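These are my notebook entries on one protein model. I set down what I looked up, in the order in which I looked.

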Amino acid sequence: MFDVTAIGELLIDMARSGVSDIGSPIFEANPGGAPCNVLAMLNKLGRSTAFIGKVGDDIFGKRLKNIVESSGTDISGLIFDENVRTTLAFVETDEYGDRNFSFYRAPGADMMLREDEVNVDIIKQSRVLHFGTLSMTHDVVEKATLKAIETAKDSGLLLSFDPNLRPPLWDSMDRAKQKIDYGCSVSDIVKIEIDELRFLTGCNEINKAVEIFKTRHPNVALLTVTAGRNGSRAYYKNIYAEAPTFLNVKTVDTTGAGDTFCACCIDWFLNNGSKEIEEAELRNMLIFANAAASLVTCKKGALLSMPEISDINDLINKNQANE
């Protein structure tokens with residue numbers, strides 16, 4: 001029934017959007033949360049998706065429910081909790097659109113999803129389960145996430161993992177590293193940011209870090225490494241490709257760029273995971289994913305800013321014409 005189901009955080013990104021008449025910062029409430037950002041892009045790519053998670057029974061939770069549902073994602077696995085509030089993440093950006101987060105999550109609803117609240121029937125009807133580490137920062141939601149992963153493995157699903165490391169949310173960076181290592185150990189698809197890869201492997205040299213990763217996690221069929229303005233790399237079986245990012249766009253906010261990229265790679269894997277491919281095909285995946293990620297940075301927020309396929313292809317064609 002579903003191509004991809006994701007479990008994890010659904011929250012409000014409070015993005016800095018100006019200054020008031022008296023000099024106070026103004027924040028704009030945008031829907032967000034990495035797993036649902038990924039699903040929103042997959043919806044644009046024509047995939048059927050579902051989400052499992054928890055929000056507060058409050059104005060933000062109800063708004064998020066309506067937005068995610070209207071984006072095309074099934075929300076029968078979304079739980080409302082009267083006792084906790086929807087998680088908020090205040091986001092400020094620098095001149096390059098890079099972000100600084102302040103989380104209001106002590107507790108937030110996303111971290112209170114219980115094991116018994118996980119809708120396993122949704123997972124069993126899916127092809128891929130996607131998850132990250134924000135749903136493993138605390139014991140309650142970690143147990144729920146592990147149940148989802150075990151259900152997926154028992155049901156023969158592909159697993160997709162994005163660490164999405166947020167250091168302020170961890171009481172121990174050693175524990176964070178353990179959870180990233182676990183996520184990689186059970187997954188077929190891993191999208192990791194270059195600094196996360198360095199953190200995980202303890203190696204700053206990218207090629208050596210990749211070799212350490214691949215030795216430790218031979219189960220990963222598709223590994224992608226993103227480096228923001230410096231482009232991305234992909235490792236599929238014995239094939240390697242890299243592609244530059246698209247710098248000829250007006251970056252406003254980088255929130256959701258990695259999630260957009262991740263969604264494009266999941267979509268590609270669903271189409272090509274059982275095929276023998278050439279390096280050029282893997283590079284085309286990166287070009288498409290980089291273009292999509294670049295376009296989402298042109299607007300504030302992520303979930304409502306996912307680009308259309310036609311816009312992605314237009315950007316690619318424009319760049320090729322200028323080469």
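The entries below go from the whole chain to the sheet, the helices and one residue.

**Entry 1: the whole chain**

I note at the outset that the model is predicted. I counted the secondary structure and found ten helices and 13 strands in the protein. I then looked up the extent of the protein: along the principal axes, its C-alpha atoms fill a box of roughly 55 × 50 × 40 Å. I asked what radius of gyration the protein has, set against a compact globule of 323 residues. The protein has 19 Å, and the globule would have a value near 20 Å, so the two agree.

I looked next at burial and contacts. Buried residues account for 55% of the 323 residues. The protein exposes about 13900 Å², of which carbon and sulfur atoms supply 47%. Of the contacts between residues at least 6 apart in sequence, 72% join residues at least 24 apart.

**Entry 2: the sheet**

In what order do the strands of the open sheet run? I read S5-S4-S1-S8-S9-S10-S11-S12-S13, nine strands with mixed pairing. Strand S5 (73-81) and strand S13 (239-243) are the edge strands, each pairing on one side only. From one strand to the next, the twist averages 15°.

I followed S8 to its neighbours. S1 and S8 run parallel and are joined by four bridges; Phe2 has Ser126 in S8 as its bridge partner. S8 and S9 also run parallel, with five bridges between them, and Val128 stands opposite Leu158 in S9. Is S8 mostly covered or mostly uncovered? I found six of its seven residues buried, so I record S8 as mostly covered, buried being under 20% relative accessible area.

At the S13 edge I found the antiparallel sense: strand S12 (residues 232-236) pairs with S13 over five bridges. There, Tyr236 has Ile239 in S13 as its bridge partner.

**Entry 3: helices**

I looked up which strands helix H1 (residues 34-44) lies across. They are strand S1 (2-7), strand S4 (49-56), S5 and strand S8 (126-132), and the helix runs at about 145° to S4. Helix H5 (residues 173-185) lies across S8, strand S9 (158-162) and strand S10 (189-193). The angle of H5 to S9 is about 150°. I note that S8 is crossed by H1 and by H5.

I checked the length of helix H9 (residues 279-296) as well. At 1.5 Å a residue, its 18 residues should span 26 Å; the end C-alpha atoms are 26 Å apart, and therefore the span agrees. H9 is mostly covered, with 13 of its 18 residues buried.

**Entry 4: Ile79**

I closed with one residue of the edge strand S5, Ile79. Is Ile79 buried or partly exposed? Its relative accessible area is 22%; buried requires under 20% and exposed requires over 50%, so Ile79 counts as partly exposed.

Which residues does Ile79 touch, not counting those up to four places away in sequence? I listed Gly53, Lys54, Val55, Leu113 and Glu117. Gly53, Lys54 and Val55 fall within the range of strand S4 (49-56), and S4 stands next to S5 in the sheet order. I also looked up a distance: the C-alpha atoms of Ile79 and Pro168 are separated by 25 Å, and the two residues are 89 residues apart along the chain.

Notes: Residues numbered from 1 in each chain as written. Predicted model: local features only at pLDDT ≥ 70, side-chain atom pairs only at ≥ 80, totals over all residues. Heavy atoms only, no water. Pairing = 2+ DSSP bridges. Helix = DSSP H or I, 4+ residues; strand = E, 2+ residues; numbered from the N terminus. Axes fitted to C-alpha atoms, helices over the stretch in contact; angles between N-to-C directions. Contact = heavy atoms within 4.5 Å. Expected span 1.5 Å × (residues − 1). Buried < 20%, exposed > 50% of the residue type's maximum accessible area, 1.4 Å probe, protein only. Rg over C-alpha atoms; globule rule 2.2 N^0.38 Å. Areas by Shrake-Rupley, 256 points an atom, 1.4 Å probe, with all protein chains shown as cover.
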